[in-house]
Amino acid sequence: KSINKGRKTNIIDSMLRMLEQYSSNLEDLIRERTEELEIEKQKTDRLLTQMLPPSVAKALKMGTPVEPEYFEEVTLYFSDIVGFTTISAMSEPIEVVDLLNDLYTLFDAIIGAHDVYKVETIGDAYMVASGLPKRNGNRHAGEIANMSLDILSSVGTFKMRHMPEVPVRIRIGLHSG
C-alpha cells in the first residue's frame, strides 16, 4: 500500500512500473555518462595532436608501432628568455606562469603563419622545427629565419603584466642541416 500510495493495484503491475522507471533513469544516466566520455575523449585527442605530430598521434591511437623517420633537411629554432632566473626570483609564481603563457601565446600565433612545427616548450625554452614532420624541400631554413625575425620583432613590444618597465629579451639559436 505504501508503494501504491493507498491505491489498490496488482503487485506485478507495481513492480513492472518500478522496473520501467529504473530502466528509464538508467538509460538517462548512461546517455549522460557517454556524452561526458565523448567530451573527454575529444579533449584527449586534441591534446595528443598538440603534443605529437598527427601521424604519430594517429598511430598511437590505433595501437600500431611508431617507426622512426629520417629527415634529410631540417632547421631547428631554440630560444630562451635572457635573465629568466632573475625575473622569476623577483616575481610571484602566478606572475611567472602569466609571463610564460602570454609570451608563448604570442609565439604560437606567430608560428601559425609559417611552415614550422612547435616541438617543445620547457620552462622558458621554446623549440620549433621546419622540414618535419612535413617535409618542405629547401624552404626549412627560410621559414625558420622569417619566423625568428617575426618573433624577435614582437618581443620588442612585449610587456610583462607585473613588470611592464622591464624589457623582455630573448636569446635565439638556429641550426640547419
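In this predicted model, D115 counts as buried, its relative accessibility being 18%, which places the residue under the 20% limit used for that class. D115 nevertheless takes part in a salt bridge with R139, in which the closest N and O atoms are 2.8 Å apart. Because R139 lies in the loop between strand 3 and helix 5, whereas D115 lies in the loop between helix 4 (93-111) and strand 2, the pair ties together parts that are 24 residues apart in sequence. Through salt bridges that share partners, D115, R139, K134 and E143 are joined into one network. R139 itself, at 43% relative accessibility, counts as partly exposed.

The loop between strand 3 and helix 5 (140-155) also contains P133, and the peptide bond joining L132 and P133 is cis, with omega at about -10°. Strand 3 (residues 125-130) pairs with strand 2 (residues 117-122) in the antiparallel sense over five bridges, with Y117 standing opposite A129. The hairpin of strand 2 and strand 3 has two residues between the strands, and G123 takes a positive phi near 60° there.

These elements belong to a protein with five helices and four strands, which follow the pattern α-α-β-α-α-β-β-α-β when read along the sequence. The radius of gyration is 27 Å, whereas a compact globule of 177 residues would have a value near 16 Å, and the C-alpha atoms fill a box of roughly 85 × 45 × 25 Å along the principal axes. Of the 177 residues, 26% count as buried. The exposed area amounts to about 12400 Å², of which carbon and sulfur atoms supply 59%. Among contacts between residues at least 6 apart in sequence, 63% join residues at least 24 apart.

Helix 1 (residues 11-51) includes I12, a partly exposed residue with a relative accessible area of 48%. Together with I11, M15, L16 and L19, I12 forms a nonpolar patch on the surface, with about 520 Å² of accessible area in total.

The structure holds 13 salt bridges, and two further examples involve helix 1. K43 and E40 meet through their side chains at 3.3 Å, N to O; because these residues are three apart in helix 1, about one helical turn separates them. In the other example, K61 forms a salt bridge with D45, with 3.8 Å between the closest N and O atoms. This pair links distant parts of the chain, since K61 is in helix 2 (residues 54-62) and D45 in helix 1, 16 residues apart. K61 is partly exposed at 48% relative accessible area, and D45 is also partly exposed, at 21%.

Methods
Residues numbered from 1 in each chain as written. Predicted model: local features only at pLDDT ≥ 70, side-chain atom pairs only at ≥ 80, totals over all residues. Heavy atoms only, no water. Patch = residues over 30% accessible without salt bridge, like charges linked within 9 Å, V, L, I, M, F, W, Y side chains within 5 Å. Areas by Shrake-Rupley, 256 points an atom, 1.4 Å probe, with all protein chains shown as cover. Salt bridge = Lys/Arg side-chain N within 4 Å of Asp/Glu carboxyl O. Buried < 20%, exposed > 50% of the residue type's maximum accessible area, 1.4 Å probe, protein only. Pairing = 2+ DSSP bridges. Rg over C-alpha atoms; globule rule 2.2 N^0.38 Å. Contact = heavy atoms within 4.5 Å.
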